[in-house]
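Visitor: Could you take me through one part of this model in detail? I would like to follow the strand pairing step by step, and then see what lies around it.

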Amino acid sequence: MNAYVQRVLDTAIANNPNEPEFHQALTEILSSLSEVFDAHPEYEKSQILEMLVEPERIIAFRVPWVDDNGKVQVNKGYRVQFNSAIGPYKGGLRFHPSVNISIIKFLGFEQIFKNSLTGLPIGGGKGGSNFDPKGKSDGEVMRFCQSFMAELYRHIGSETDVPAGDIGVGGREIGYMFGYYKKIADEHTGVLTGRGLEYGGSFVRVQATGYGLVYFMEEMLLCNGSSFDGKTVVVSGSGNVAIYAHEKATKMGAKVVAMSDSGGYIYDKNGVDLEAVKEIKEVKRGRISDYLNYHPEAEYHKGCKGIWTVPCDIALPCATQNELDLESAEILVKNGVKAVGEGANMPSTNEAVKYFMEHDVLFGPAKAANAGGVACSALEMAQSGMRIFWNFDEVDSKLQHIMTGIFHNIADAAERYGKGKNYLDGANIAGFEKVAKAMMAQGVV
Ligand code: NDP
């Protein structure tokens, strides 16, 4: 590795102890940039990397709320405003018991490059809480969201920082947070994306990450002499990203045979019935095991990792970070997988990614493949700013255009640096170049 890049990586890891996910993201991204620094000594002269690996601001706060039994509960809240070189901070809020500063920093760091790849003017940020919405009443979720926003509101704004959803934060949570922001800030602005269509949201935002993933992968497959048509697909997770990845892959002629949640996975050789999954997950907020009530002939297996033992042509990990490790990658390759597209953020470990590349599996890295959600969020911001409303087809075709453009942008960067079909390096390089140029232009700030 380029000596300067290695030095910054080592120092960043030493300066941020006990943050394994952040270390993993730093290692993954910086490892791709060696040749760029070899070719551009001006970046080292400006010490651009030291600035890039340090968040511009980290906000950590207490979130107290009262549960349905009248008992006070206290959670942790975070917002990491990582980089605003190319636009206002933009990135989701995650509500999940596993959330900690390491996870928010890895997500925020990745978000800088992803947002850069969309070609839209958005910087990188991420936030969340260790609050678990699962099993909570609507009233509890509302009181939590209001308390969270009672602190967050002073740090965000439509030109400053525009959060969105992520794991555990869907339309319900965005609605409660937006309502409370409007009350205390006394303004109805585009401060959050993922809003309902009735109050400033955009068509396709709900579908955007899943649809975008499939648009990206289809372009990658077409450019490599293949497509979704007639393929067998495994999609992990059964949340927002997974459901709409299934929907679009099926529309493109594929058959999705397995889906999962954190408890286990279902296998349906006839193709997973998406309407049943939508009813279980979106309406009833149930478990994927409930699928057997709709299709007793299908199989349910405990343990979500087992989903990677299901033979498939294309694997779409859409649940969470590090859900696909080396052992799973080996099984997938042994079973003949041809392409992997990351719907979730950093779902594959660095070892698994390396294994896929070594075995000529086409690999669509998260920061490119799942950029459809944030791209559509930026389209929502544009519509809010202009006070106009594009219809479903208009937004959908812009999304498709952005996702195919991202593929060609990263393939071109990979080509320029002699990386062949290493689209991970291509994505890191293309994302980095734009941010670095913007940072250099703006001086030491
Ligand atoms: P949801 O909350 O809608 O769904 C998450 C899914 O992943 C659920 O099926 C959940 O199962 C499963 N899951 C969560 N944690 C774990 C875990 N530790 N082990 C196994 N399964 C788990 O989230 P999204 O669909 O919105 O997000 C999924 C991924 O996509 C995340 O990595 C997110 O960062 C990424 N992403 C999301 C975007 C968006 O627009 N929503 C945009 C870009 C990336 P269970 O219900 O059992 O917890």
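**A close look at the sheet**

Guide: Happy to, and please keep in mind that this is a predicted model. Let us start with strand S3 (residues 89-95) and strand S4 (residues 123-129), which run parallel and are joined by five bridges. One place to find this pairing on your screen is Lys 90, which stands opposite Gly 124 in S4.

From S4 we can step across to its other partner. S2 and S4 run antiparallel, with six bridges between them. Here Gln 81 stands opposite Gly 125 in S4. In general, strands of a sheet pair through backbone hydrogen bonds, in either a parallel or an antiparallel way.

Strand S2 (residues 72-83) also pairs with S1, again antiparallel, through 10 bridges. In this pairing Phe 61 has Gly 77 in S2 as its bridge partner. S1 and S2 form a hairpin with five residues between the strands, and in that hairpin Gly 70 takes a positive phi near 80°.

Now put the pieces together. The result is an open sheet of five strands in the order S1-S2-S4-S3-S5, and its pairing is mixed. Its edges are strand S1 (57-66) and strand S5 (161-164), each of which pairs on one side only. From one strand to the next, the twist averages 20°.

It is worth zooming out to the domains as well. The domain assignment of the protein chain gives domain 1 (55-189) and domain 2 (208-369). Their centres, taken over C-alpha atoms, are separated by 27 Å. The contact draws 13 residues from domain 1 and 11 residues from domain 2.

Between them the two domains bury about 990 Å², with 49% of it on carbon and sulfur atoms. Three residues, Phe 106, Glu 110 and Lys 114, supply 44% of the area that domain 1 buries against domain 2, more than any other three residues.

As for polar links, the rule finds one salt bridge across the interface of domain 1 and domain 2. Glu 110 appears again in a salt bridge with Lys 367, where the closest N and O atoms are 3.4 Å apart. Three residue pairs in polar contact are also found across this interface. Helix H6 (residues 101-117) gives the largest share of the side of domain 1 that touches domain 2, namely seven residues.

Conventions. Residues are numbered from 1 along each chain as its sequence is written. This is a predicted model: local features need pLDDT of at least 70, side-chain atom pairs count only at pLDDT 80 or more; totals for chains, interfaces and linings use all residues. Side-chain values use heavy atoms; hydrogens and water are left out. Two strands pair if DSSP finds at least two bridges between them. Helices (H or I, at least four residues) and strands (E, at least two) are DSSP runs, numbered from the N terminus. Axes are lines fitted to C-alpha atoms, for helices over the stretch in contact, and angles run from 0 to 180 degrees between N-to-C directions. Domain bounds come from an automatic or database domain assignment. Contact means heavy atoms within 4.5 Å. Buried area is the accessible area (1.4 Å probe) that two parts lose on being put together, summed over both. A salt bridge is a side-chain nitrogen of Lys or Arg within 4 Å of a carboxyl oxygen of Asp or Glu. A polar contact is a pair of N or O atoms within 3.5 Å; within protein, one must be able to donate a hydrogen and the other to accept it, and residues adjacent in sequence count only if both atoms are side-chain atoms.
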